[in-house]
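Please walk me through this structure. Take the contacts with DNA, the relation between the chains and one sheet in turn.

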Number of protein chains: 2
Amino acid sequence: MTRAVPTSADVARLAGVSRATVSYVLNNTNAVRISEPTRRRVHEAAKELGYVPHAAARSLRAGHSRMVLMPTPAVSVGPLYNRFLSELQWSLSRLDYTVVQYGRVGLTGEEAARAWAELRPVAVLAPGAHDLGPQGVALLKRSGARAVITFGPYQVDGAHALLMDQRSVGRAAGAHLLARGRRRIGVIIPQEPGLEAFSRPRADGVRESAEGTGAQVVEVALPYDEGAAARLAARWRSLGLDGVFAYNDEYAMLLMRALQDEGIAVPDGTGMVGADDLMLGRLLRPRLSTVRVELPSGQELAELVDRMVSDPSAEPPARQLLGAELVERESG
Amino acid sequence: MTRAVPTSADVARLAGVSRATVSYVLNNTNAVRISEPTRRRVHEAAKELGYVPHAAARSLRAGHSRMVLMPTPAVSVGPLYNRFLSELQWSLSRLDYTVVQYGRVGLTGEEAARAWAELRPVAVLAPGAHDLGPQGVALLKRSGARAVITFGPYQVDGAHALLMDQRSVGRAAGAHLLARGRRRIGVIIPQEPGLEAFSRPRADGVRESAEGTGAQVVEVALPYDEGAAARLAARWRSLGLDGVFAYNDEYAMLLMRALQDEGIAVPDGTGMVGADDLMLGRLLRPRLSTVRVELPSGQELAELVDRMVSDPSAEPPARQLLGAELVERESG
DNA sequence: TTGAAAGCGCTACCAC
DNA sequence: GTGGTAGCGCTTTCAA
């Protein structure tokens, strides 16, 4: 029952050839010509045994792999990011890389770098939140990673940074509310763990946009929970806010509903802007004004990875890649 | 600059010991006692070189890995599934498995099985949608996978099935609408690719619940798009439906909004039930009745994997693991 | 056109 | 306590 896993030696034996020949045939090595009958015998033997090459052995011998590693996101970051991810994976597959999401959550810094380095990936793509640090990046590179790419608001020494600064999202929202004459602007700060990496810079962006305008920016904590939203709505008037940036469209919906239940009109009482341009924003009444975020295309990123792998010395300059564009609807 | 990747031999050389000793020290092998000074020297050398063990070499030597492989979901399946996933990953990490999501999308059947088998995972967890087939499962097992677990509505020969039959979701929704006196029930079928695996069985479940009641069940296609929803709403009265199961809460929101804009009252004109019990359902007005889906706990599943890995001969019986409970609110 | 054999990095057995 | 060494499965020279 528990037959041993077939190896190329088993295939060779069954086909009556050497292991070298098996390797030549199965990899279509064109440096070597193998006669047609031999090829067929090898293929048949492989099929009969259900032979599957051993990736680890292969890359051990080759001295490198084509594995691109990224950590599994700890929290669900939303449909936008998911689309980006699957586009990226698709593009990388087309370039013959194996994309692998490493699924131990909560690793950071050098600890994370070590765990990933054990797999000897040829490239690592990591959100800045993992906070690899220069040492983590160095560790990965010393372990053979030819490309270490971080996405996030800041540059990490040694890594190629795709600057995706969430502050631009907050700036766009803030600028819009100010232009509509709002003078005292609330910024929703979700209380869910793992979201600070997004919410802090978004809030900072709102503050930046208000600098020198005399307008005030007030942070308002809000857990993603109906009761909390109702309590916030109950004391809303006492906050004296005339505008609010709701972190994203989901929190915006939560808050809008609570305000409306409390009899506070949007946008007349309080102007509201969400972010991420989800479908649900369009379905709200009033329709939600939002900040549309544009991620870089997965294909572009895949090509960048490929270029860096082929020639790691070529360090292209970091670019700001997070587009943030306000979509005005009815809520503010 | 491009120093070679340090190996245990390098560490041995620097510490002035043999490679065997390095291995003993770094793995804390308790069969062998190593003197304290030696241990220190080895650790220091490893640290100085930035040594990271080579997972592939190790598992090649060991003859097995502790990698649990699952495919990356092709479409975002929703926050519920994400929570389940990260709980599962966390639990498996605690049991010292390395969870890896294999990210080439769109592989199915034996093709997928082969690709995964190359990594020689000790366990594979795959949604039934990948449709491994008995041969795929056999291939994986022959390549050393001690546990092959599928989630999905049906059993695959040779694999351990976690039956997660989406029909129960449809049945719960259908039964509820019928109990409320609805006689002609629409079932929304999303047009997004990749969702059929969920939407078909959910629709089947509604039909099952209507069997023998004389009530009618009508499938209604709906792409996730505002315009399409508006067009559907415009011809809604002509469909003569008095109840609708909206596939899930998001489609329910889309449809509810379109119906309301068309002047069709919910639940008076049409009773509506969603599924997945998302926050947004609670925020709708009328509040959305929904089917709460209960996935198995990630921890339980992790323990099942561990048991199967330790003793693959023990085949526990397949169980129905998808709880579906109706949450009645206001929409139907 | 095919085969023999070295060696990738690691661990575990057996000697000393 | 420590070291020598075989061998996991594979590819790739070099020789025949």
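In sorting residues by character, Ala, Val, Leu, Ile, Met, Phe, Trp, Tyr, Cys and Pro count as nonpolar, Asp, Glu, Lys and Arg as charged, and the others, Gly among them, as polar. By that scheme, the surface near DNA strand D divides into 11 nonpolar, nine polar and six charged residues. The model is predicted.

Stay with DNA strand D. It has 26 residues around it. Those that come nearest are Ser8(A), Arg19(A), Tyr24(A), Tyr51(A) and Arg61(A). Of the atoms of DNA strand D that come within 4 Å of the protein, sugar and phosphate account for 59%. Individual contacts reach both base and backbone. On the base side, a polar side-chain atom of Arg61(A) lies 2.2 Å from a base oxygen of DNA strand D. On the phosphate side, an N or O atom in the side chain of Arg58(A) is 3.0 Å from a phosphate oxygen of DNA strand D. Chain B takes part as well. There, a backbone N or O atom of Ser18(B) lies 2.9 Å from a phosphate oxygen of DNA strand D. Which elements supply at least two residues each of the surface near DNA strand D? They are H2 and H4 of chain A together with H2 and H4 of chain B.

Now turn to DNA strand C. Here 25 residues surround the strand. The closest are Ser8(B), Arg19(B), Tyr24(B), Tyr51(B) and Arg61(B). Sugar and phosphate make up 59% of the atoms of DNA strand C that come within 4 Å of the protein. Arg19(B) has an N or O atom in its side chain 2.2 Å from a base nitrogen of DNA strand C. Arg61(A) also reaches a base: a polar atom of its side chain lies 3.2 Å from a base nitrogen of DNA strand C. Tyr51(B) meets the phosphate instead, with a side-chain N or O atom 2.5 Å from a phosphate oxygen of DNA strand C. Two or more residues of this surface come from each of helix H2 (19–26) and helix H4 (55–62) of chain A, and from each of helix H2 (19–26) and helix H4 (55–62) of chain B. H2(B) gives the largest share, four residues. By character, the surface near DNA strand C holds 11 nonpolar, nine polar and five charged residues.

How are the two protein chains related? A turn of 180° and a shift of 0.0 Å along the axis lay chain A on chain B with an RMSD of 0.1 Å. That is why the relation is that of a two-fold axis. The same surface serves both copies, as 100% of the contact residues of chain A recur in chain B.

Last, look at a sheet in chain B. Six strands form an open sheet in the order S7-S6-S8-S9-S10-S12, with mixed pairing. Strand S7 (216–222) and strand S12 (323–327) of chain B are the edge strands, each pairing on one side only. From one strand to the next, the twist averages 20°. Helix H10 (residues 226–234) of chain B packs on this sheet. H10(B) touches strand S6 (184–190) and S7 of chain B, and its direction makes about 145° with that of S7(B). Within the sheet, strand S9 (residues 271–275) and strand S10 (residues 289–294) of chain B run parallel and are joined by three bridges. Gly274(B) stands opposite Thr290(B) in S10(B).

Terms used: Residues are numbered from 1 along each chain as its sequence is written. Chains are lettered from A and ligands numbered from 1 in the order in which they are written. This is a predicted model: local features need pLDDT of at least 70, side-chain atom pairs count only at pLDDT 80 or more; totals for chains, interfaces and linings use all residues. Side-chain values use heavy atoms; hydrogens and water are left out. Two strands pair if DSSP finds at least two bridges between them. Axes are lines fitted to C-alpha atoms, for helices over the stretch in contact, and angles run from 0 to 180 degrees between N-to-C directions. Contact means heavy atoms within 4.5 Å. Copies are superposed by least squares on the C-alpha atoms of residues with pLDDT of at least 70 in both. A residue is near a molecule or strand if one of its heavy atoms lies within 4 Å of it. A polar contact is a pair of N or O atoms within 3.5 Å; within protein, one must be able to donate a hydrogen and the other to accept it, and residues adjacent in sequence count only if both atoms are side-chain atoms.
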